Structure formats: C-alpha cells, structure tokens
Amino acid sequence: MIAFWILAPVMVVAALGMVLARKAVHCALLLAVVMISLAVLYAVQDAPFLFAVQIIVYTGAILMLFLFVLMLVGVDASDSVVETIRGQRLASVLLGLGFGVLLVLGVAQVSVGTVVGLSEANAGGNIEGIAAVLFSTYFLAFEVTAALLITAALGAMVLAHRERLTPKATQADLAAQRMRDYAEHGKHLGPLPPPGVYARHNAVDTPALLPDGSPAPTSLSRVLTARGSTLSPPGSATQVERIGGSDEDVAPRDDAPEGGAGR
Amino acid sequence: MGPTLESFGQDPVWVVILKAVLVFVVLVLLTLFNIWWERRVVARMQHRIGPNRNGPFGLLQSLADGVKLALKEDIIPKAADKVVFVLAPVIVVVPAFVTFSVIPFGPEVRIPFTDVVTPLQLTDMPVAVIFVMAIASIGIYGIVLGGWSSGSTYSLLGGLRSSAQMISYEVAMGLALITVFLQAGTMSTSEIVNAQAGLWYFVPLLPSFIIYVISMVGEVNRAPFDLPEAEGELVGGFHTEYSSLKFALFFLAEYINMATVSAIATTLFLGGWRAPFGIAQVWEGANEGYWPVLWFFGKMLAFIFFFIWLRGSLPRLRYDQFMDFGWKVLIPISLVWIVGVAGMRIVRNEYAGQLDQTWLFVAAGVFAAVLVVLLLLPERRQPEPEPERAEFDAFAGGYPVPPMPGQELPARVPTGATTHDGGND
C-alpha cells in the first residue's frame, strides 16, 4: 500500500507529462517512467516474473520508440502547436474529458472486495504458476499471439527488403570507378582536402586556402556551407591578430547570429 | 548444500543494510582496483610499466585519478538538454549497482561476533537472472539519453550505436541464459549455484558459455566491441560532452558492468562460489564459511583479466561485421542449441534412469562447439580467376599504369637507338 501511494502520484504526473511534453524524446522517457513504476507495483504484489518481463519488454519497446523518434522525426523534434483541423483541440479536450468521466463512473460502480487466492496461485512458485496457466487454459491464445507476432516480423522484413539488382561494388570496383571518373571528367582522385589549419583553428568549419588565398570549397562539409556556419579566412585572420595583441576592430564571424551564439 | 530461496527474506534490518553497504563498497573498491589492474596488464602487454608511483605497486593511482576527475570543471554544453543530460549518468550507474544485489558471493555464514546466520548475498528471487537482464536494459537508457541530450553529433551517433549494439547482443545473451534455466530448472542465482554442485555448467553447456562470453563483451561495450566510443570515429562516443563527476559516473558504471557480467558468468557457468575442481576433493572445508568468497572473486577476476587481455590484443571490429556476427551467427546458433537442450531435457525426463545423460550432454556440447568453430572459420576463398593475358597498355583508361600481374613491360629500348631526331631526355 505504501508503494502504491508513493508510485501512483509519480505515475499520474509522468503520464500527464507524457501527453503534455513538447519534445517527443521527453514523452518517450516519461512513458518509461510509467512502465517501470507499473513493474514495481507488480513486484510489490508478489508477481516477480511479471515485474521482470514488464521491464524487459517495455523498456525494449520504448527504446525502439525512442530510436524511431530520432530517425523519423529528428533530433530536436518538438510538437507544432498549429491546429491543422479547425476546432480539433477543443473537440479532443471535450472527448477526453467525456472518456475520463465515463471511466471514473464505470470504475466507481465496481466494488472490489479483498483479493483472495494469491497464495494458491503462487503455491508451486510464481513462474510455474504462470507457465501452468499459459500453457493449458490460454494455450490457444498464446499460440495465436505467437503466430501474429511472427507474421508481423516477417511482414516487416518483407517490406524492408530490397532486391539487389546489380552486384555490390567492391573496393576494387570503386577504385576503378574513381580512376575512370578521373580519366573522363578530371575529377580529383584523392581524398578531399582537410579543413584549414591556422594558428587558432583546425575546426571543421574553417576552410583550407587555395594558393591564391581563396577558400577551397571542397574542404568544408556541404551541410556547414549550406547553413552558412563557416568561418571565412579574413574573419579567422582577424581573430589571430587579436590573439597577437591588436584587439581593435574584430570582425565578427560570418554567421554570428544576434546574441552571439558563436564558439 | 547452499542456501535456497527460503533462506532469503529473513534477515534483520541491520543485516540487510550491512549487506547493501558492503556490496556498494566492494563494487567501488573493485572498480578502483580494476582500473589499476587494467592499466598495469595492458602496459605489461605493450612492454611498458604502467602506473607504479602512488601507493604500493601504484595501487592508489586510480584513487588519485578519481579525486582529480571529481575536482575538474563540470561543463554542461549550451546545446544540451539539461535535465536529461544530468539524469543520464545517474540512470547508467544505479542499475549497475542494483544488479549486484542478486549475485551470490558465498553460502550461508555466521556473521562474526553474532549469532546471525545469513547467506552471502543481498537478496534472491525466483527470477533473479531475468531481473539482472531487466535492470541492465534500464542502464542502456542512460547511454542513449546521454548521447541524445549532449546536443553533439558524435554523442548522438555513439548513443545510437550503443543502443543498437546492446539490444542486439542482449538477445544472444538472453538465449544463452535460457539453456542454463532449462538445465538448472530454476532462475534464482543461489539455486543455480546449488545445481552446479556436481558439474559446472560450462562443460555440458559449452556453446551457451561461448556465446555468453562473446555477447557479454558486446553488452558492456568493451574492446574489440567498443564501437560506441570508437575514438578514431566518434571522439568519445556517447560521453564526448561529459566531464568531471558525470563522466566519472559513466566510467564507474562501465567498470561495474564489466564486473557484473563477469560475476553472472561465474555464477551461471563456473559454479559460482564453489571451489575449483580438486580443492573440494582434498579439503572438506573449501566450500564452507568465508572461503567461497575467495573462489568467487578469483573466478570473477579471471574473467576481468580476460576482458583486459582482449583489449590488449584485438583490433576493433567494423560496425556492419559486428552486427552481422550478432544477428546472423550468435542468435541462430543459440536458437538451434536451445532446441537441442530442450530435446535432451525431454529425453532425460521421459527416459530417466535408462540413459547416462551426462555423456549425452558432453557429446552434444562438443558437437556444437565444433559447429561454432566451423562457423567462425573464414570461408575458403574461391581461387581468383586467372587474369587475362592482355597486351600491356601503358595508358589503359587514359592515364599511366604499371603492368598487371602476368603482364610484362615491353623491353627497354635504348633511347639513342630509336630517336635520331634529338629528343630532349
């Protein structure tokens, strides 16, 4: 009972947070809190097997959820608060409240007496008891569930499978391809030039300089260039000067946003 | 006979607290020792000396390093998600300690100066080994969340790699454990140790033992499976952005996890706290009192030495090969082996007394081990097709090339012999 009164508020708060949190990753984390608290409640009620399985299954599942969030929605995914359907928010709040009232009323009608039979069910050991029930009374349901899961797994594999139409390019093929590119289009053979190295920087956002002093475009990641978060040679030159002593007119970074979130 | 499940849950509160504190202290000290030991052993393998200044044999080096680490500046990156960033190391380290609560260090002993008799194990439950798996899977959260919340690409990639790796290898690990459950007929650690009174399980369950040992290295992110923190690619992996005490917690958890998987391997396959073969035969008291603690730590440290040895001698695997190995080799072998063990279990239950099943198990184990070794052998390469003996073209594809195997350079002609028109050479 003590465990219940400690865990119940935690679970309710975590569940509410899961619905209300802006970032998808926080939601997944709060879901894990709810599931683990539930597992502890199982343990308190003399169901150790259910406790362990609950944690293994649900933490694994939530971790997958977490990875899917990262892969599909993006690292910094947060909810958009723009309503796409007019009146959706109001309708969902009303429906949710209605469902909640229904649930509370329904549960309140049930009178629960003292639970009996736990010691009988656990007589031969908790795991043995579950096994006996699972593989006799609920055997069909168990097998059907297993078949369903296998079908789902196979379906996922079929959907994700891609037939290879051409043989996989080996290292030798790739090298030959590079040579052909060089012969035909004059594309540079070797690795891309590394970022520039100055007195202060060898960071990836510092371009290498060509002999004429202009930055070598291939020495920077295309992503950084597209974002505009690269350091131009004059900028870094002034920074070097500042280190050298003349700390007058320091040119800001190309991309320095207002408020200066620079390095 | 050692303690059974009924022996637990009867300790007075002060004994429980004492045991919990002891487990904590032992794990922290063990971590300090393991760091020193690893540095010394790896140094010896590389013809260096290793830390030998602070304290006897340099034993206090890790303590000094720990103090230094704790006093360093604690940096939280601007891009970090602060709450999760602080929470992640805690989520990693707590499960690491909790899992040790079900590890049996020894049989029932009398606490000195009192009349209390208690098993040398904090607690036990009917699902102790599954409990360890469950708690370990919570620990993965810390790593993934730490990687995500740092707001750095290296950390994120490290965290994702680590989650994929640990989930994959946890499957193989769990499958390896199932055969132990089948053999022992229980999932409680103390009773599994009891069941190994005759024969340690690494003999009849050799394939499971091998698979467990491989997957435990993958599970704790140690070399050669330390891809989540591959220095050359990811700087430090999921803990790139961590510093000071938070980093120390990750470090602590890594070493405790190493001790945990070693302790589980000892408990499930090497007879737990039982004296090594031969000692108990000549000395009756080897399995009584506090002596088993010695055997237990001896076996566990042997595993940790194995970890260090691996780190000192093997290069890191490539990520796709590593995942292929887990999913396409370890898991199928485990599944087949489980079916085999279950089949033998049925034979043993149905035809009890008619067959000497120990030898059956040994034979099957040897067979499966041979199978494992055969699968691990590299495929024999198809002989390369003979290169076609084409005429040597010095400008094949439009650029100068050396001759291919089997081709010969055209005979060198003295320059003066051919050119009479005074080419500049």
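## A walk through chain B

Select helix 5 (residues 153-184) of chain B together with helix 12 (residues 319-350) of chain B: their axes come within 9 Å and cross at roughly 15°. Keep in mind as you look around that this is a predicted model. Angles under 35 degrees count as roughly parallel, so helix 5 of chain B and helix 12 of chain B are roughly parallel to each other. Turn the view until one helix sits in front of the other, and you can follow how helix 5 of chain B passes helix 12 of chain B in a left-handed crossing. Now colour the contact of helix 5 of chain B with helix 12 of chain B by residue class: there are 19 nonpolar, six polar and three charged residues.

Next, go to B:W14, which you will find in helix 1 (residues 13-45) of chain B. Is B:W14 buried, partly exposed or exposed? It is partly exposed, with a relative accessible area of 43%. Show its surroundings too: beyond its neighbours within four places in sequence, B:W14 is in contact with B:I111, B:T114 and B:V116.

Time for some aromatic rings. To describe a pair of them, we give the distance of the centres and the angle of the planes. How many aromatic pairs are there over all chains? The count is 25. For one of these, select B:F33 and B:W36, whose ring centres are 5.7 Å apart with planes at 40°, so this pair is tilted. B:F33 and B:W36 are three residues apart in helix 1 of chain B, which means that about one helical turn separates them. Check how much of each can be reached from outside: B:F33 is partly exposed at 27% relative accessibility, while B:W36 is buried, with a relative accessible area of 11%.

For a second pair, select B:F209 and B:F303. Here the ring centres are 6.3 Å apart and the planes stand at 70°, so the pair is edge-to-face. B:F209 belongs to helix 7 (residues 206-219) of chain B and B:F303 to helix 11 (residues 291-313) of chain B, so this pair ties together parts that are 94 residues apart in sequence. Both B:F209 and B:F303 are buried.

For the last stop, return to B:F33 and B:W36 and add B:W37, B:F305 and B:W309 to your selection. Which arrangement do ring pairs make of these residues? Ring pairs link B:F33, B:W36, B:W37, B:F305 and B:W309 into a cluster.

Key
Residues are numbered from 1 along each chain as its sequence is written. Chains are lettered from A and ligands numbered from 1 in the order in which they are written. This is a predicted model: local features need pLDDT of at least 70, side-chain atom pairs count only at pLDDT 80 or more; totals for chains, interfaces and linings use all residues. Side-chain values use heavy atoms; hydrogens and water are left out. Axes are lines fitted to C-alpha atoms, for helices over the stretch in contact, and angles run from 0 to 180 degrees between N-to-C directions. Helices (H or I, at least four residues) and strands (E, at least two) are DSSP runs, numbered from the N terminus. Angles under 35 degrees count as roughly parallel, over 145 as roughly antiparallel, 65 to 115 as roughly perpendicular and the rest as oblique. A crossing is left-handed if the near helix is turned anticlockwise from the far one by less than a right angle, and right-handed if clockwise. Ala, Val, Leu, Ile, Met, Phe, Trp, Tyr, Cys and Pro count as nonpolar, Asp, Glu, Lys and Arg as charged, and the others, Gly among them, as polar. Buried means under 20% relative accessible area, exposed over 50%, partly exposed in between (1.4 Å probe, protein chains only). Contact means heavy atoms within 4.5 Å. Rings of Phe, Tyr and Trp (its six-membered ring) pair if their centres lie within 6.5 Å; planes under 30 degrees apart count as stacked, over 60 as edge-to-face and the rest as tilted.
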